[in-house]
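Hi there,

Here is the structure I promised to pass on. My notes on it follow below.

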Amino acid sequence: MADREDSVAIPEFSFLLQMDPYLKPYEKDFKRRYELLQKQLSRLEEAEGGFDQFTTSYENFGVHRQPDNSLLFLEWAPAAEALFLTGDFNDWEKFSHPYTKKAFGKWELILPAKHDGTPAVGHNTKLKVVVHTKEGGRLYRISPWAKYVNREEKSVVYDWVHWDPPQPYTQIHPRPKKPTSLRIYEAHVGIASPEGKIASYTNFTTNVLPRIKDLGYNCIQLMAIMEHAYYASFGYQVTSFFAASSRYGTPEELKQLIDAAHSMGIVVLLDVVHSHASKNTEDGLNCFDGSDSCFFHSPPRGEHKLWGSRLFNYSSWEVQRFLLSNLRWWMEEYCFDGFRFDGITSMLYHHHGIGSGFSGDYSEYFGLQVDEDSLVYLMLANHILHTLYPDCITVAEDVSGMPALCRGVEEGGLGFDYRLAMAIPDKWIQILKESKDEDWDMGDIVHTLTNRRYGEKCIAYAESHDQALVGDKSLAFWLMDKEMYTNMSSLIPMTAVIDRGMQLHKMIRLLTHGLGGEGYLNFIGNEFGHPEWLDFPREGNNQSYHYARRQFNLLETDHLRYHQLYAFDRDMNRTEDKFGWLAAPPGFVSAKHGEDKVIVFDRGHVVFIFNFHPSKSFQGYRVAVEAPGKYKIKLDSDQDLYGGHGRLDHNTEFYTEPQPFNGRPHSMQVYIPCRTAIVLANEERDYCY
C-alpha cells in the first residue's frame, strides 16, 4: 500500500531540492508537515468560513460595544463551572452578572446600555472575570483578550481596564514599502532615555525616532510591547497578549509612534512572544479557567523548566484562534509591519533546544524530536500573514539552523523572510574575550560570517540586546572597559586602549554589515558605543534604573568621542542605502590573509578592504576586483570625523589592471593603513539598485 504522504504534492518542493539536494531523504517529513497545514486550512474553511474570519476573533472575544451601546462579553473557559463579570460598573458585586454557557467551552454575557444610552461599563474603568471552578474554587482573572491592563503604584497585580476612548487615534500615514535592504534598529521604549526611569511612547516618538531616521535605519524592532507584569523579564514573560504595555503610556500613544515612524519611511516590527507565556495566574493566562491546561499543555509538557513559564498547546483549535488573532490584532489595530518571532528553537523541538548542540546533521531537524504541532502553527502563521499582507516581514530567532525555515510554505518551508545570524555576535565576543589581536584568525571570522544556508536570508549583527544584558557587556565595553569613564574626550590624546577600541568597534560593525547577511541589526545605543551593560530594576540591584537607560546625553557632549562612532554608523547605513549590498548576492571573498590580517571581498559591485593588523600598514597592496574601471573611496573608518587618523586621501583614484588575482579577472593596488576598513566603488557604474 502506498504511503499516505505520497498523495500530497508540495507545489514548489522541486525548487527546495534544487537548492539543497541533501533534503531529498526527508521528503516524507516535508510532505507530512505540508499535509497537516493543508488539512488545518481546510478545517478552518469548513468550520469558520476561512482563516480571514478565524484570525479576526478579537472582534468577538473579550468585550465589544455594539451599535446600540450594549456590551458583548465572550470568553473561552472550558474547565470552568461558572463565569461572572465584576468591576467598577457594579461596585464589584461578584455574582450579579453571570455569563451564559455556550458550546465548545465558550461563555457569553450581554450588558444592555444604561437608561441614558451610554455603555454600562465606561472607558478606563476596571473589570475582572470571576471564575468558579468545578472544585468549588473562586478565581479572579483578567480576560485573555484584554486590550489594556495597568497596575496601581503600590499593587503587585495588573488590572483589566476597559479601553474604549471617545476619540481613538487614527493612523494617517500608509505603511512604507517593504525595504529591499533591511537595516534594523532594535529598541526598547522603556530604556530609550538617559533618565533613571521608565521612558514613554511619546518620548520615543519625539526624541528617538528622529535619531533612528538620521542614522539611516529603515526598520525598528520594538521589544517588550506585549504586556508583561515583570519589567526585568525584558518583555519575554508575557501576561496580556493583546495589551500594549501600559508602563510606557496608552495604546493611542503607541499607535502615534508607529504612525510617525511610517511618516519617516520606517517600518516597525513587533518582537512577538508565542513560544511561551508567563506562569502568572491573577494577571496572566495560566490556569485561566481553573485547570492546569486551557491554553497550555498539562505539565510536564506544558512547562519550560529553564524559563519557568507555560507552553502553548498549538494543536488546540482555540489556542490557534487566540495566537493567530493576536498576530492580526497587532497588524490591524496598531499597523505593525511584521514580527520577530522569539524563541523559535524552543517551539520546534520537544527538547526545546535544552542540552542540544546542533551539529548541523540533518537528522537533528526531522523525526520524533520535532514538535510538528508548533512547526505547523508557524507555517500557518506565516502563510496567513503573507497572504493577507504581502509586504509583511517575519524574522525567526532560531539557534538550531532548521533547514527551509526561511523558504516559502509552497516549497515545504516554514515561510519566514529572515532568520537571525546568532553565531556572529557569539564569535565576536569569543574573539575579544580569548584572542590577542595578533592571533585573530581571518579565515575563522570569514567562515562565521558566511556560513549560512544558501537562499535563506539572514539578519547579521555584531551585538543585540542579548550581549548587552547584565552578565555580559557591550562590544564597546569589552574593547575599552573602564577607560570609557575617563579617556573618551577628544581634548586629550587617544590612549592605546581607546584607539584600539574605537577602530575595532567600527571595523567589526562594517565587516558584519557587509558580509554577514541580507539584513543588519543594531541594538539601541550600541551604534555610538554605549558603555557598560543593561540591567533592569530588581531586588538584586535595589530596584535601580541606573543601567536600565540609554545615555543619549553622551552624544550631546561635543568633546566626547561617542558622536564619532555615531557618525560612522550613520554613514555606514547611508553608504549601504546608496549601493545596496544587503540586497545583493553573498559577497565573494578574495582574500583572508592570516599573517597580514587582511580581508577583501566584493559585494553589490563595491569592494570592501579590512586591515585588522594592529601595527602594519600596507602600501601598494594588491586586491582583486571583478569589474574594471576607476575606483574611489566611499567609506573610510580612518577618517578624522569617525575618530580615525585621517591617513587616506579621498581624492585618490584607483585604476584597475587586467591582471587576474585571487579568483577575479582584474586587480588594483591600494594603501591600507593598520586597523582600517575602506569601501571602494567603481566610478563608471550606475548604482541605482
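Let me start at one strand pair: leucine 420 stands opposite isoleucine 459 in strand 20. Strand 19 (residues 418–420) and strand 20 (residues 458–460) run parallel and are joined by two bridges; two strands pair if DSSP finds at least two bridges between them. Helices (H or I, at least four residues) and strands (E, at least two) are DSSP runs, numbered from the N terminus.

Helix 13 (residues 496–515) packs on the sheet, where it touches strand 10 (182–188), strand 20 and strand 21 (519–523). Contact here means heavy atoms within 4.5 Å. The direction of helix 13 makes about 150° with that of strand 21; axes are lines fitted to C-alpha atoms, for helices over the stretch in contact, and angles run from 0 to 180 degrees between N-to-C directions.

The wider picture is a closed barrel of eight strands with parallel pairing, in the order 10-11-14-17-18-19-20-21. From one strand to the next, the twist averages 30°.

One residue to look at is isoleucine 225, in the loop between strand 11 (219–223) and strand 12 (226–227). Isoleucine 225 is buried, with a relative accessible area of 0% (buried means under 20%, with a 1.4 Å probe and protein chains only). Among the residues it touches are Val189, Tyr248 and Trp330.

Before you use any of this: the model is predicted, local features need pLDDT of at least 70, side-chain atom pairs count only at pLDDT 80 or more, and totals for chains, interfaces and linings use all residues. Residues are numbered from 1 along each chain as its sequence is written, and side-chain values use heavy atoms, leaving out hydrogens and water.

Best wishes

Definitions and conventions:
Buried means under 20% relative accessible area, exposed over 50%, partly exposed in between (1.4 Å probe, protein chains only). Lists of a residue's contacts leave out its neighbours within four places in sequence.
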